[in-house]
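These are my notebook entries, written while going through the structure with the sequence alongside. I kept to what I could look up directly, and I begin with strand pairing.

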Amino acid sequence: MKRFLHYLTIAGVAALPSAGYPGNTAEPAPGDAVAVTRRITEGQYRNIIADVFGTDITVGGRFEPDIRDQGLLGIGTSRVSISETGFEQYRDLALTVAAQVTDAQHRGSLIPCTPGSPKAWDDACATKFIQGAGRLLYRRPLDQAELATLVGIAQKSATQLNDFYAGVEVSLASMLVSPQFLFRKEVAVADPAHPGRARLDAYSRAARLSFFLWNTAPDNMLLTAAENGSLNTTAGLSKQVDRMIGSGRMSGGVRAFFADMLGFDEFSTLAKDPAIYPKYSFKAAMDVQEQTLRTITDHLLAQRGDYRDLFTTRKTFLTRSLGALYGVAVVDDVANGLPARWVPYEYAEGDPRAGILTHASFVSLHSHPGRSSPTLRGKAFRETFLCQRVPDPPVNVDFTVVQNTDNPIFKTARERLTAHRTSPTCAGCHKITDPIGLALENFDSAGGYRTLENGAPIDTSGELNGKPFADSVGLGRAIRDNPEAPNCLVTRIYSYAAGQTTKNGKDWIAYLQAGFAADGYRVPALMRRIAVSDAFYSVADTPVEETEQ
Amino acid sequence: MSSYHDFSRRRVLRGLLGGSAVSVGLPLLDCYLNSNGNAFASGEALPVCFGTWFYGLGMNPGLWEPTKIGDKYDMRSCMAVLQPHRDQINVISGLTAHLEGGNPHATGARVVTTGETTPPSGAVAGLPSIDTLISDVIGKQTRFRSLEVACDGSARTSISQRSGSSINPAEVSPAAFYTRIFGPDFTDPNAADFKPDPRTMVEQSALSAVADQRRQFAKNLGAVDRARLDEYFTSLRSVEKQLAIQLQKPAPMAACTIPAKGSDAEVGTDVTNAVANHKLFSALIAHALACGQTQVFNMAISGAASNLRRAGNTSTHHILSHEEVVDPVTGYQPNVTWFQERYMEAFRDLLVTLGSIREGDKTLLDRTLVYAMTDVSYGRNHSTKNFPVFTAGSAGGRVKTGLHIAGNGDTICRAGLTVQQIMGVRTGTWGTTLNQTSKPLSEMIA
């Protein structure tokens with residue numbers, strides 16, 4: 001909370017003129033990238049409120065659902081607006097936050113001055129608060145008109161309600177429903193180093209960087225670097241990027257990216273039949289996500305591991321209750337009644353649970369409520385990790401070949417799906433999904449391990465691009481060694497950071513992919529390479545209109 | 001776009017702020033119902049209401065379409081539970097949703113709800129849904145432009161959109177829905193005293209000031225982003241208007257009573273819970289309509305490709321629709337049919353609830369039109385021919401009811417065009433490419 005007071009001291013400092021575009025001729029331009037306007041996500045909203053006002057401010061209420069576009073919510077944020085019902089929800093959130101910030105418990109620490117009388121208007125004090133909070137919430141200093149509007153709202157409200165803090169509260173709530181807060185609007189300016197192209201202005205640059213690396217709005221130091229122009233220099237940019245990558249907050253950025261790529265938003269409506277999977281509680285659904293995100297951040301950040309090894313690593317983190325779901329004993333000496341702890345766990349060599357594909361977060365998310373689905377798992381595998389597109393099923397399908405078979409008593413998924421893979425109508429798609437998904441059939445819909453289905457042994461053999469494997473461990477190795485997997489990650493992470501896919505940007509992606517390989521597939525190095533590049537902030541001169549695809 | 005400034009009442013009320021309890025007499029609203037209770041004293045009829053009702057995966061072909069065309073039709077087995085309400089229901093058979101690729105469930109639902117054939121791509125693609133077109137005509141004077149609910153636990157199960165960028169999320173919890181309508185912001189239209197809340201007044205004024213920044217914020221935005229921003233400001237103004245309406249003394253509504261707050265059945269995909277929550281939602285929507293809180297609603301018992309499930313069963317309705325073997329004797333999939341029956345029971349619950357609210361010698365259902373729709377006509381093979389859609393209620397006498405109307409293979413958009421015209425949308429055509437039509441189902445227009 002004290003952080004906020006500290007920020008206020010430099011509020012309102014105007015940006016200095018740009019120090020010129022740093023040149024790096026090794027980088028190709030990222031195609032026709034454009035300045036985008038993105039709606040902030042629920043996670044970003046929560047992070048910003050915690051950063052600006054402290055973690056004891058409760059963000060209660062619901063958020064308008066995000067839309068997934070081309071594999072990422074991060075791209076969908078450039079597509080969504082705010083619906084009528086959605087606006088009502090954002091308003092409820094804003095009122096709840098503003099009421100807490102200005103209540104008797106918090107105003108002393110969060111409002112940087114005390115009004116002459118709590119019942120009377122105090123222009124100087126209100127202006128000070130609005131300027132300081134506005135700079136952090138709008139991610140740049142408020143301009144004169146914005147400041148006048150917000151102070152005007154506060155004054156009018158305070159006067160009419162005879163309550164200074166109520167006035168400030170209404171003004172803060174107004175900021176929190178304003179487009180300047182809810183949308184990250186990027187502003188492009190002419191690029192002196194690259195005639196004919198434009199680049200993001202310093203504040204847009206700071207925001208793109210901060211949301212990418214930390215999944216939150218720029219902090220005071222980053223805003224200051226934007227204000228004094230240093231963020232537009234090679235050295236100044238590198239300094240900020242290295243500071244941010246070296247911070248513990250990097251894990252927030254890495255988690256947000258992977259949670260998006262892995263589709264974890266779908267857990268909010270995932271249902272498992274409690275009669276069939278009694279251990280798969282709401283808590284378990286939260287824990288399985290946490291397991292994977294901990295495994296990822298530990299491997300990529302703490303261990304500086306190779307991205308590809310996420311598909312084969314036997315190291316993970318479990319709680320006692322998650323151990324019960326998996327059927328392994330987790331030793332934890334925490335006293336009864338205390339919250340469960342996450343303890344490192346390593347599966348034995350040869351154990352079928354190697355790599356994140358075998359985590360319950362993957363196999364349970366891509367399953368039906370009451371049984372596994374090799375088709376859904378195979379589809380998710382190709383779309384999530386290889387950036388491939390599995391076609392939709394057609395209209396007016398003749399399902400009779402699948403259903404009216406002489407022997408409907410199929411015991412295993414492999415038997416049930418045989419007709420799909422042999423009938424010409426279905427085989428086109430099922431051949432590309434099912435052999436992958438069948439390798440994960442040892443894991444039921446809740447992530448539990450099994451060797452039999454309906455009493456019949458499960459055959460987990462399959463192939464990926466012609467390479468045969470025997471089981472889940474083999475599938476993990478096959479994707480680990482598939483060059484498309486790291487290439488896909490590069491495409492995804494750039495699109496996530498930029499809020500768009502590249503148009504005519506093959507050279508740029510190829511440059512990043514080559515760099516990723518040269519860096520030993522270290523994800524923080526890839527994120528740094530993107531974040532310090534000129535190209536990341538370079539946009540086509542005029543806004544490029546969306547074209548039909 | 002600028003109509004939000006037209007709240008002259010706001011200016012009237014501005015002077016009342018800080019005042020004590022005031023009765024605000026306003027000419028238009030200062031009226032009472034006539035002695036029958038079915039119209040305002042001026043003779044003006046109670047307003048019409050419109051709702052969509054969505055169920056997933058269609059019905060068994062050959063088992064829902066009446067054999068007789070016109071009135072006194074035969075209610076078939078799939079819809080048997082609706083037999084007592086036949087004279088309030090129009091069954092529309094024989095209409096087709098033409099698709100041009102895309103996922104059949106999503107595409108079918110899109111054609112039915114927005115008339116758009118080709119899958120949208122890019123930002124702000126996607127046409128407005130039928131309920132928003134209708135709420136632009138009848139939903140502007142109520143506290144809520146419309147209310148959306150889904151019984152499958154997902155806020156994304158909503159047909160209501162201004163575009164693909166602006167989809168109104170559904171409420172999934174009846175308890176939360178209760179609070180939204182009948183919580184602290186509710187004003188009883190029949191209360192003797194009316195005191196505008198000074199707090200609401202300042203909040204409305206603040207939103208108005210935020211809206212005034214539109215031009216400044218839109219600077220340097222490309223056309224697509226500007227369109228998204230316009231949607232945002234449309235939404236902002238809609239909420240601002242909602243506050244303005246809360247500052248007015250509402251017109252008395254004789255049939256308005258405040259329902260008791262119930263407790264949710266577990267929110268999720270178990271069909272038994274979905275039906276239980278549907279019942280709670282039906283009651284809340286009926287009371288919201290009777291109390292003049294909205295005139296438009298959207299209900300979904302399930303989404304497209306219904307993922308509702310039966311407790312203890314390994315398959316969802318959607319999986320069953322593709323995998324369950326057809327019973328050679330009955331000719332249909334027994335477990336799939338079981339789901340269809342639950343959905344029709346839910347629809348019956350809605351009709352019973354709307355019909356139970358008496359407004360003089362009529363009921364709430366009599367001034368409502370509900371359009372029941374689905375995503376595919378027959379889930380088993382993703383067919384989009386012969387779509388099972390139907391309507392209920394006569395919208396204050398604007399609809400002839402109790403009819404079976406045969407569509408002869410025309411586009412399903414004929415049904416959507418018809419309900420729009422009935423609700424007063426001034427449009428002569430609706431739908432795109434093969435689904436475009438200018439032929440309403442004149443049989444049902446009174």
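Entry 1, a pair of strands. I started in chain B of this predicted model, where strand β3 (residues 89-93) of chain B and β11(B) run antiparallel and are joined by 4 bridges. Looking for a residue pair that marks the register, I noted that I89(B) stands opposite A392(B) in β11(B).

Entry 2, the other neighbour of β11(B). I then turned to strand β10 (residues 368-373) of chain B, which is joined to β11(B) by 3 bridges, again with the antiparallel sense. Which residue of β11(B) is the bridge partner of V370(B)? I found that the partner is A392(B), the residue that I had already recorded opposite I89(B).

Entry 3, side chains of β11(B). Strand β11 of chain B covers residues 389-392, and I checked which way its residues point: V389(B) and T391(B) point one way, whereas F390(B) and A392(B) point the other way. Are these residues buried or exposed? I recorded all of them as buried.

Entry 4, the whole sheet. Stepping back, I traced an open sheet of 8 strands in chain B, in the order β2-β12-β3-β11-β10-β1-β7-β4, with mixed pairing. Its edge strands are β2 (70-71) and β4 (147-150) of chain B, each of which pairs on one side only. At the β4(B) end I looked at the pairing with strand β7 (residues 296-300) of chain B, which is parallel and extends over 4 bridges; here A150(B) stands opposite A300(B) in β7(B).

Entry 5, confidence. For the model I noted ipTM 0.89 and pTM 0.89. Chain B has an average pLDDT of 88, with 89% of the residues scoring at least 70, but over residues 1-35 of chain B the pLDDT is below 50, and this stretch has 46 contacts in the model beyond near neighbours in sequence. Where pLDDT is low, the predicted coordinates should not be read in detail, so I leave those contacts as a count and do not interpret them.

Entry 6, domains of chain A. Finally I looked up the domain assignment of chain A, which gives domain 1 (39-184) and domain 2 (256-480). The centres of domain 1 of chain A and domain 2 of chain A, taken over C-alpha atoms, are separated by 41 Å. How many residues does each domain bring to the contact? I found 6 residues from domain 1 of chain A and 6 residues from domain 2 of chain A. On the side of domain 1 of chain A that touches domain 2 of chain A, the residues divide into 2 nonpolar, 3 polar and 1 charged.

How values were computed
Residues are numbered from 1 along each chain as its sequence is written. Chains are lettered from A and ligands numbered from 1 in the order in which they are written. This is a predicted model: local features need pLDDT of at least 70, side-chain atom pairs count only at pLDDT 80 or more; totals for chains, interfaces and linings use all residues. Two strands pair if DSSP finds at least two bridges between them. Domain bounds come from an automatic or database domain assignment. Two residues are in contact if their C-beta atoms, placed from the backbone, lie within 7 Å. Ala, Val, Leu, Ile, Met, Phe, Trp, Tyr, Cys and Pro count as nonpolar, Asp, Glu, Lys and Arg as charged, and the others, Gly among them, as polar. pLDDT is the predictor's confidence in each residue, from 0 to 100. A residue is buried if 20 or more other C-beta atoms lie within 10 Å of its own, exposed if 12 or fewer, and partly exposed in between; C-beta atoms are placed from the backbone.
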